[in-house]
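This report describes selected features of one protein chain, with attention to strand pairing, the disulfide and aromatic contacts. The sequence and coordinates are shown first.

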Amino acid sequence: QVQVVESGGDLVQPGGSLRLSCATSGVVTFSDYSMSWYRQAPGKERELVARITVASASALYVDSVKGRFTISRDDGKSTVYLQMNSMKPEDTAVYYCNSAPSATARARWEWGQGTQVTVSS
């Protein structure tokens, strides 16, 4: 059974930075999977934030984070990262990672608990 564990969330001031990590276990060949970060703000649906394909061939981002967030992966550690810079209050959400066949497809694995990110002065 695949498990994902997100970490790195914290309270940060506007303009600050955070690096989120997502460690996976139980994935036979992590390098075969595209990986994504999602977030869910209070009262809103979960949305895709960033996606990285196999071998880091390409990455895509939701418009609201382009130029500020960077997704990366370490296949040797079965881990995906999200570097968040120039953070804004609207980035406040619980952040999750998962894998899906495409940007619009349903996630493959059971969701983890997520990690809380709060941007506030």
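## Strand pairing and the open sheet

Two strands are taken to pair if DSSP finds at least two bridges between them. The model discussed here is predicted. In it, an open sheet is formed by four strands in the order 1-3-8-7, with antiparallel pairing. Strand 1 (3–7) and strand 7 (69–74) are the edge strands, each pairing on one side only. On average, neighbouring strands of this sheet are turned by 15° against each other, direction ignored. As background, the strands of a sheet pair through backbone hydrogen bonds, in either a parallel or an antiparallel manner.

At one edge, five bridges connect strand 1 and strand 3 in the antiparallel sense. Within this pairing, S21 in strand 3 is the bridge partner of S7. Strand 1 also has two distinct faces: V4 and E6 make up the covered one, while Q3, V5 and S7 make up the uncovered one. At the other edge, strand 7 and strand 8 (residues 79–84) run antiparallel and are joined by six bridges. Here Q83 in strand 8 stands opposite T70.

## The disulfide

The structure has one disulfide. C22 and C97 are joined by it, with an S to S distance of 1.6 Å. Since C22 belongs to strand 3 and C97 to strand 9, the pair ties together parts that are 75 residues apart in sequence. Both C22 and C97 are buried.

## Aromatic pairs

How many aromatic pairs does the structure hold? There are three aromatic pairs. One of them involves Y33 and W109, whose ring centres are 5.4 Å apart and whose planes meet at 65°. Planes over 60 degrees apart count as edge-to-face, and therefore the pair of Y33 and W109 is edge-to-face. This pair links distant parts of the chain, 76 residues apart: Y33 is in the loop between strand 3 (18–25) and strand 4 (35–40), and W109 is in the loop between strand 9 (93–98) and strand 10 (115–119). Y33 is partly exposed, because its relative accessibility is 26%, whereas W109 counts as buried at 12%.

Y38 and W111 form an aromatic pair that is also edge-to-face, with 5.0 Å from centre to centre and 85° between the planes. Because Y38 lies in strand 4 and W111 in the loop between strand 9 and strand 10, the pair ties together parts that are 73 residues apart in sequence. Y38 is buried, with a relative accessible area of 7%; W111, with 30%, is partly exposed. Y38 and W111 further belong to a cluster with Y96, linked by ring pairs.

## Charges over rings

Two arginine residues are placed over tyrosine rings. R46 has its charged end over the ring of Y96, 4.6 Å from the ring centre. The ring of Y96 also takes part in the cluster with Y38 and W111. R19 lies over the face of Y81, 4.0 Å from the centre of that ring.

## The loop between strand 9 and strand 10

Besides W109 and W111, the loop between strand 9 and strand 10 includes P101 and G112. Is P101 buried or exposed? P101 has a relative accessible area of 54%, and is therefore exposed. With neighbours within four places in sequence left aside, the contacts of P101 are R51, R106 and R108. The C-alpha atoms of P101 and Y33 are separated by 8.0 Å, although these residues are 68 residues apart along the chain.

G112 counts as buried, because its relative accessibility is 17%. Which residues does G112 contact, leaving aside its neighbours within four places in sequence? They are V4, E6 and Y96. V4 and E6 form the covered face of strand 1, and Y96 carries the ring over which the charged end of R46 sits. Between the C-alpha atoms of G112 and E45, 67 residues apart along the chain, the separation is 16 Å.

Conventions
Residues are numbered from 1 along each chain as its sequence is written. This is a predicted model: local features need pLDDT of at least 70, side-chain atom pairs count only at pLDDT 80 or more; totals for chains, interfaces and linings use all residues. Side-chain values use heavy atoms; hydrogens and water are left out. Rings of Phe, Tyr and Trp (its six-membered ring) pair if their centres lie within 6.5 Å; planes under 30 degrees apart count as stacked, over 60 as edge-to-face and the rest as tilted. Buried means under 20% relative accessible area, exposed over 50%, partly exposed in between (1.4 Å probe, protein chains only). A charge sits over a ring if NZ of Lys or CZ of Arg is within 6 Å of the ring centre and within 35 degrees of the ring normal. A disulfide is a pair of cysteine sulfur atoms within 2.5 Å. Axes are lines fitted to C-alpha atoms, for helices over the stretch in contact, and angles run from 0 to 180 degrees between N-to-C directions. Contact means heavy atoms within 4.5 Å.
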